[in-house]
Amino acid sequence: MYISIRQATIQDTTIVSDVLLEAALWLQQSGSPLWHESEVSPESISKDVANGLFFIAEWAGEPAGTIKFQLEDLLFWPDISQEESAFVHRFAVRRHYSGGKVSSALLAWAVEQARTLGRH
């Protein structure tokens, strides 16, 4: 199957939130909590979705994963050159699509985006 990656639109906010929430609950059940439910709710992420920061991986037209791709991150990486870097956050794959293909496609896409923009 072909994995396509596209920028999420504001209409995709619930989809992005659902993918992140599924991953958050799985991590919590696995004993490695990462995000609280409130951090990945549609209300919490809608501004970033509207600003074009989220991307969705689709497998056969179905949402399989998501990634937040930023060109600036002063909160977590204030000591890194913002002009030369790209940052990935909120990276998640639905459990049904676990196994590496979707996650690899999303990370390869992020690397290519960064290179295209002349970022590390």
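In this predicted model, the crossing of helix 1 and helix 2 is right-handed. The residues that make the contact are T13, V16, S17 and L20 on the side of helix 1, and P42, I45, S46 and V49 on the side of helix 2. Sorted by class, the contact of the two helices comprises 5 nonpolar and 3 polar residues, with no charged residues. Two packed helices are described by the angle between their axes and the distance between those axes. Here, helix 1 spans residues 13-29 and helix 2 spans residues 42-50, and their axes come within 9 Å of each other, crossing at roughly 120 degrees. An angle from 65 to 115 degrees would count as roughly perpendicular, and one over 145 degrees as roughly antiparallel; helix 1 and helix 2 are therefore oblique to each other.

The loop between helix 1 and helix 2 contains E37. This residue has a relative accessibility of 47% and so counts as partly exposed. Apart from neighbours within four places in sequence, E37 is in contact with L21 and L25. For E37 and L25, the separation along the sequence is 12 residues, and the C-alpha atoms are 8.0 Å apart in space.

Attention turns next to the strands, beginning with R6. This arginine belongs to strand 1, which covers residues 3-7. R6 counts as partly exposed because its relative accessibility is 29%. Although R6 and F55 are 49 residues apart along the chain, a distance of 5.5 Å separates their C-alpha atoms. F55 is also one of the residues in contact with R6 once neighbours within four places in sequence are set aside; the others are D12, I56 and E58. With E58, the contact includes a polar one between the two side chains, at 3.0 Å.

Two residues were noted for their backbone conformation. A60, which is not a glycine, nevertheless has a positive phi of about 55 degrees. Its position is in the loop between strand 2, residues 54-59, and strand 3. With a relative accessibility of 52%, A60 passes the cut-off of 50% and therefore counts as exposed. R90 likewise is not a glycine and has a positive phi, in this case of about 45 degrees. R90 is found in strand 4, and its relative accessible area of 22% makes this residue partly exposed.

A further residue of interest, S85, is placed in the loop between strand 3 (62-70) and strand 4 (87-93). Its relative accessibility is 8%, so S85 counts as buried, a class that applies under 20% relative accessible area. A polar atom of the S85 side chain lies 2.7 Å from the backbone oxygen of S81. When residues up to four places away in sequence are not counted, S85 touches L71, I80, R119 and H120.

The loop residues described above can be set out by their exposure. S85, in the loop between strand 3 and strand 4, is buried at 8%; E37, in the loop between helix 1 and helix 2, is partly exposed at 47%; and A60, in the loop between strand 2 and strand 3, is exposed at 52%. As for the two arginines in strands, R6 of strand 1 is partly exposed at 29%, and R90 of strand 4 is partly exposed at 22%.

How values were computed: Residues numbered from 1 in each chain as written. Predicted model: local features only at pLDDT ≥ 70, side-chain atom pairs only at ≥ 80, totals over all residues. Heavy atoms only, no water. Axes fitted to C-alpha atoms, helices over the stretch in contact; angles between N-to-C directions. Helix = DSSP H or I, 4+ residues; strand = E, 2+ residues; numbered from the N terminus. Parallel < 35°, antiparallel > 145°, perpendicular 65-115°, else oblique. Left-handed = near helix turned anticlockwise from the far one by under 90°. Contact = heavy atoms within 4.5 Å. Nonpolar A, V, L, I, M, F, W, Y, C, P; charged D, E, K, R; others polar. Buried < 20%, exposed > 50% of the residue type's maximum accessible area, 1.4 Å probe, protein only. Polar contact = N/O pair within 3.5 Å; in protein donor to acceptor, adjacent residues only side chain to side chain.
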